[in-house]
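Reader: Please take one strand of this model and go through it closely. I would like its burial, its partners and the connections on either side.

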Amino acid sequence: MPDLTGQVCVITGAAGRIGRACVARFLEAGARVIAVDIVQADIEGVPAGDYVKMDQGNPSHLSILTQCLQASNTKHIDVLVNNGASGGNRAPFHEKTLAEYDEVMETNVKGPLFLSQLAIRMHLAQPEADRHELSIVNIASTAGHRATDQASIYSMSKHALIGMTKNVAVEYAALGVRCNSVSPGIMNVPNVQGFSSDQLKAMTSKVPMQRGGKPSEVANVVCFLASAEASYITGTDVLVTGGSTA
Ligand SMILES: NC(=O)c1ccc[n+]([C@@H]2O[C@H](COP(=O)([O-])OP(=O)(O)OC[C@H]3O[C@@H](n4cnc5c(N)ncnc54)[C@H](O)[C@@H]3O)[C@@H](O)[C@H]2O)c1
């Protein structure tokens, strides 16, 4: 059972489906969760002072998070879960727009980049003798492993996020930072990437387990990777796909 007692865990996209499941799982493991999202939301177990409304793709918004941390004299982050993302629009590659490119890349790549830099800088600023480990878990996707029909920019952004995961992992492995990603497959939630419920049903029928995943099944893996139970795991991606990537 992963134990995150007293650990400071920043989870982005906390108001979304997988985000909420991660918050619940992390609270259950004893963490203090700082919930980040672009929308305002009430999340059970997260006090208002630990809810940060910000656009993760906008570097000037990072100060909203640092103010929250400073207000409670929090000097380091133990866990960063880069979960918040934009799915973009469904359209063929040649019809993709610069506006969609900017929005998806800013949210899905630049956001995790800025937030990871912040967490790593705080980590390195701690005196070496009592430095806590930092664990970063990026939520990627099967779209980060293969082409994705009508969602090329989203797919490109998730490939980039997996690349970032490997680079951060190797660059900081000797400095007490672990970085991994989790790639969910089809989730059993409505409105995935603009697919209709019939399309989702057809896609789900091809999953060897014959069902979509539950957000809690992703959250369990995220919580494990975040915790000391995964102390020798870094630079890897865990596919949570019901067998569809086997
Ligand atoms: N649902 C799926 O089937 C599926 C499959 C594979 C991967 N994923 C990945 O899992 C993660 C969570 O997916 P979900 O299904 O819970 O999505 P969701 O849409 O329910 O939640 C995403 C959250 O991110 C927030 N967000 C979006 N842009 C933001 C920004 N600029 N700044 C801050 N917050 C922002 C949204 O407000 C939302 O609360 C995403 O990274 C997604 O790409 C989901």
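Author: The account below follows strand 5 and its two neighbours, then turns to the ligand. This is a predicted model, in which local features need pLDDT of at least 70, side-chain atom pairs count only at pLDDT 80 or more, and totals for chains, interfaces and linings use all residues. Residues are numbered from 1 along each chain as its sequence is written.

Strand 5 covers residues 134-139, and 6 of its 6 residues are buried; helices (H or I, at least four residues) and strands (E, at least two) are DSSP runs, numbered from the N terminus. Buried means that 20 or more other C-beta atoms, placed from the backbone, lie within 10 Å of the residue's own. Leu134, Ile136 and Asn138 point one way, while Ser135, Val137 and Ile139 point the other way.

On one pairing, strand 4 (residues 79-82) runs parallel to strand 5, joined by 4 bridges; pairing requires at least two DSSP bridges between the strands. Asn138 of strand 5 has Asn82 opposite. The connection from strand 4 to strand 5 passes through helix 3 (residues 98-125), a right-handed β-α-β crossover. Right-handed means that, with the strands pointing away from the viewer, the path from the first strand over the helix to the second runs clockwise.

Strand 6 (residues 177-184) also pairs with strand 5 in the parallel sense, over 6 bridges. There, Val182 is the bridge partner of Ile139. From strand 5 the chain goes through helix 4 (residues 152-172) to strand 6, and this β-α-β crossover is right-handed.

As for the ligand, 25 residues lie around it, with Gly13, Gly16, Ala85, Ser141 and Met187 nearest; the criterion is a C-beta atom, placed from the backbone, within 6 Å of the molecule.

Notes: A residue is buried if 20 or more other C-beta atoms lie within 10 Å of its own, exposed if 12 or fewer, and partly exposed in between; C-beta atoms are placed from the backbone.
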